[in-house]
Amino acid sequence: MKVLVTGAAGFIGSNLAEKLARRGNKVVGLDNFNDYYNPRKKRANEKRLAVYPNFKMIEADIRDRERMFAIFAEENFDAVAHLAAMAGVRNAVQHPALYVEVDLNGTQHLMDAARASKSFQNFVFASTSSVYGNTKQIPFVETDPCDRPLQPYAAAKRATEILGYSYHYLFGLNFTAIRFFTVYGPYGRPDMMAYLLAESVTKGSQIPLYNSGQMYRDWTYVDDITDGIVAALDRQLGYEIINLGRGEPTLLKDFVEMIETLAGRKANVIHKPKLAADFDRNEADITKARSLLGYEPKVSVTEGVKKFWEWYRSDQNK
């Protein structure tokens, strides 16, 4: 199977591309190496992946429709793991047009290019638990209408899920939307909570702690997430939306204390009120993932935080 991984120089994308390359797939990564955070981190991920002879990177932007069609025509992919996106819930509040342009319109270009390719079989789309908004249905289950997104990032992702159904219905595209919960682990983005905490406890940098950390997040280790994506790539399911989390939410305050304990020092937190774009709790019902994907998260939060901390310390010493 030949797989295109978009966003392959990023956090989840680089972990996924490496896993696919290790198991012997032909893997093409695609990334535009934008400056949402320091591109040097993405270049380091590209270098890490370059050691695999069955991997190659293409530098391109999913907003370039003609280029996407040309790449699909040249490469003849069997499947796509589409992880490229403008990430960051709070940044989306400031730049809504950009998030719609990249996360919705860019994805449509890829779907059109995929259905024009004779070899193509399966489109796996990285969605988000943010689409659930302030739902009262806990744990979050895929049958929730998800029609009240709290910010443009979630709205663009939900719109793409709906568009995916249209493409499945009209054109027979196998489309699986994977709703990620709070992913963390090695090669994490520097704007993510786990990384910000590690920076704070080691360098003393300030970090906002909203609502005194009294928010639950379904922290899910990146290796479990990539296992789920690989399982989705291996299965042509028609049209499905599937949660990927642990199903065991952890209080943000407790997550902070885990990092502090490992570091032996306190984070430099600045207490702030909860933002309108945030929700109090996310918790995945993973019944469907277990049934359709054989998914079973293996890494506990305690173990995962320790693995992340060990990677962070090693990375800082390079």
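**Notes on a predicted model: burial, aromatic pairs and salt bridges**

1. In this predicted model, Y132 has a relative accessibility of 3% and therefore counts as buried. Its ring and that of F181 have centres 6.4 Å apart and planes at 35°, so the pair is described as tilted. F181 is likewise assigned to the buried class, because its relative accessibility is 5%. As to location, Y132 sits in the loop between β5 (122-128) and α6, while F181 sits in the loop between β6 (175-180) and β7 (182-184), so the contact of the two rings ties together parts that are 49 residues apart in sequence.

2. The pair just described belongs to a wider topic, for the structure holds 24 aromatic pairs. Another of them is formed by Y99 and Y153, whose ring centres are 6.3 Å apart and whose planes stand at 90°, so this pair is edge-to-face. Y99 belongs to helix α5 (residues 96-115) and Y153 to helix α6 (residues 152-171), so the pair ties together parts that are 54 residues apart in sequence. Y99 and Y153 are both buried. A reader who wishes to compare such cases may keep in mind that an aromatic pair is described by the distance of the ring centres and the angle of the planes.

3. Aromatic residues also gather in a cluster, and a reader may wish to locate its members in the model: F72, F77, F120, F123, F125, Y165, Y169, F175 and Y239 form one aromatic cluster. Apart from ring pairs, there are places where an arginine lies over the face of a ring. R115 is placed over the face of F171, at 3.7 Å from the ring centre, and R281 is placed over the face of Y216, at 4.5 Å from the ring centre.

4. Turning to charged side chains, a search of the whole structure finds 28 salt bridges. One of them joins the side chains of E75 and K56, with an N to O distance of 2.6 Å. This pair links distant parts of the chain, since E75 is in helix α3 (residues 65-75) and K56 is in strand β3 (residues 55-59), 19 residues apart. How do the two partners stand with respect to burial: buried, exposed or partly exposed? E75 has a relative accessible area of 8% and is buried, whereas K56, with a relative accessible area of 38%, is partly exposed.

5. Further salt bridges deserve a look. The side chains of D61 and R63 meet in one at 2.8 Å, N to O, and R63 counts as partly exposed because its relative accessibility is 33%. R158 forms a salt bridge with E161, the closest N and O atoms being 2.9 Å apart. Both R158 and E161 are buried, and, being 3 residues apart in helix α6, R158 and E161 are separated by about one helical turn. In general, an α-helix has 3.6 residues a turn, so residues three or four places apart point the same way. Elsewhere, K19, D223, D227 and K298 are linked in a network of salt bridges.

6. Helix α2 (residues 39-49) shows a clear division of its residues. K42, N45, R48 and L49 are buried in this helix, and, seen down the axis of α2, the buried residues fall within an arc of 110°, so they line one face of the helix. The buried residues of α2 pack against α1 (11-22), β2 (26-31) and β3. On the face of α2 that is turned away from its buried side, the exposed residues R40 and K47 are found.

7. Among the strands, β11 (residues 239-244) has 5 of its 6 residues buried, so this strand is largely enclosed by the rest of the structure. Strands β6 and β11 pair in the parallel sense over 6 bridges, and I178 stands opposite I242 in β11.

8. A last point concerns A198, which is found in helix α7 (residues 193-203). A198 counts as buried because its relative accessibility is 0%. Which residues does A198 touch, not counting residues up to four places away in sequence? The contacts of A198 are with I259, F308, W309 and Y312. In addition, A198 and A263, although 65 residues apart in sequence, are 8.1 Å apart in space, C-alpha to C-alpha.

Key:
Residues are numbered from 1 along each chain as its sequence is written. This is a predicted model: local features need pLDDT of at least 70, side-chain atom pairs count only at pLDDT 80 or more; totals for chains, interfaces and linings use all residues. Side-chain values use heavy atoms; hydrogens and water are left out. Helices (H or I, at least four residues) and strands (E, at least two) are DSSP runs, numbered from the N terminus. Buried means under 20% relative accessible area, exposed over 50%, partly exposed in between (1.4 Å probe, protein chains only). Contact means heavy atoms within 4.5 Å. Rings of Phe, Tyr and Trp (its six-membered ring) pair if their centres lie within 6.5 Å; planes under 30 degrees apart count as stacked, over 60 as edge-to-face and the rest as tilted. A charge sits over a ring if NZ of Lys or CZ of Arg is within 6 Å of the ring centre and within 35 degrees of the ring normal. A salt bridge is a side-chain nitrogen of Lys or Arg within 4 Å of a carboxyl oxygen of Asp or Glu. Two strands pair if DSSP finds at least two bridges between them. The arc is that of the directions from the helix axis to the C-beta atoms.
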